[in-house]
Amino acid sequence: MGRGKIEIKRIENANSRQVTFSKRRAGLLKKAHELSVLCDAEVAVIVFSKSGKLFEFSSSGMKKTLSRYGNYQSSSDSKAENLQEDDCKEVDLLKDEISQLQKKHLQLQGKGLNILSFKELQNLEQQLYHALISVRERKERLLAIQLEESRLKEQRAELENETLRRQVQELRSFLPSFTHYVPSYIKCFAIDPKNAVLNHGCFDDSNCSLQKTNSDTTLQLGLPGEAHDRRKKEGDRESPSSDSVTTNTTGGTADRISLA
């Protein structure tokens with residue numbers, strides 16, 4: 001059975017605290033000795049008890065180890081100071097560089113030119129001229145690329161239209177051709193209200209039949225050619241009866257004249 005895990009906190013009982021200190025101090029010094037032997041390391045341990053009693057261990061002499069520690073500490077401190085100084089110098093250089101860049105940026109925008117000499121102004125003018133040339137060249141390249149893309153799009157559109165026209169022609173070659181015109185609508189003829197059967201009142205069968213045959217007031221539905229043929233046939237049928245009526249009227253008028 002292993003020992004249970006001990007909670008790391010201050011021991012309240014003084015006797016137990018003293019016993020624990022003695023045991024763990026001896027174990028710490030033993031581990032330091034083992035570390036120095038096994039790993040060939042320079043180890044030094046200094047322990048003060050609560051009462052102020054000193055306990056120490058050093059593998060190669062306490063003074064030697066302490067002097068070595070002091071030299072290392074001073075060298076590390078000097079290195080840290082040197083690093084801090086170098087960092088401060090680098091920060092100052094970066095700040096100066098940033099300020100110079102900001103001034104140049106303002107000068108390129110046409111600001112802060114009062115402090116420049118004539119030669120510096122000439123150099124600034126040359127820089128702006130070269131920058132303007134570069135901008136124009138880039139703009140011309142972009143325009144050329146856009147024109148080429150638009151030309152390619154137009155060519156693709158023309159090819160697609162030509163393909164569609166060919167497909168339409170091929171479809172028309174397969175379809176039959178019509179020799180006569182067929183209208184796509186139905187023509188309606190209006191009814192004449194004077195000859196309508198409903199206006200005269202159809203009380204006599206003979207009168208109704210006559211009005212039905214002579215009337216041109218029926219609604220003609222169908223194609224224009226059929227309606228024209230139908231009306232022509234009805235006119236041919238009505239022509240004999242109208243001639244007989246005219247002859248009879250003429251004869252009666254002649255008899256009245258002779259009697260007079």
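## Report on a predicted protein chain

Asp40 is exposed (over 50% relative accessible area, with a 1.4 Å probe and protein chains only as cover), with a relative accessible area of 72%. The structure is a predicted model, in which local features need pLDDT of at least 70 and side-chain atom pairs count only at pLDDT 80 or more, while totals for chains, interfaces and linings use all residues. Residues are numbered from 1 along each chain as its sequence is written, and side-chain values use heavy atoms, with hydrogens and water left out.

Asp40 sits in the loop between helix 1 (14-39) and strand 1. Although Asp40 is not a glycine, its phi is positive, at about 55°. Most residues other than glycine have a negative phi.

The protein chain has six helices and four strands, which are DSSP runs numbered from the N terminus (helices: H or I, at least four residues; strands: E, at least two). Along the sequence, the pattern is α-β-β-α-α-β-α-α-β-α. Of the 260 residues, 8% are buried, meaning under 20% relative accessible area. The chain exposes about 23,200 Å², of which carbon and sulfur atoms supply 57%; accessible areas come from the Shrake-Rupley method with a 1.4 Å probe, and for residues only the protein chains shown count as cover.

Strand 1 and strand 2 run antiparallel and are joined by five bridges; two strands pair if DSSP finds at least two bridges between them. Val47 has Phe55 in strand 2 as its bridge partner. Five residues lie between the strands of this hairpin, where Gly52 takes a positive phi near 95°. In a regular strand the side chains alternate between the two faces of the sheet. The table gives the faces of strand 2.

| Face of strand 2 (residues 54-58) | Residues |
|---|---|
| Covered | Phe55, Phe57 |
| Uncovered | Leu54, Glu56, Ser58 |

Leu54 also belongs to a nonpolar surface patch with Ile46, Phe48 and Leu66, with about 390 Å² of accessible area together. Patches are made of residues with over 30% relative accessible area and no salt bridge, with like charges joined within 9 Å and nonpolar side chains (Val, Leu, Ile, Met, Phe, Trp, Tyr) within 5 Å. A salt bridge is a side-chain nitrogen of Lys or Arg within 4 Å of a carboxyl oxygen of Asp or Glu. Leu66 lies in helix 2 (residues 62-108). Its relative accessible area is 44%, so Leu66 is partly exposed.

An unreviewed UniProt entry places the feature "coiled-coil region" at residues 142-174; such annotations may be inferred rather than shown by experiment. In the model, this span is 100% helix and 0% strand, with its end C-alpha atoms 49 Å apart.
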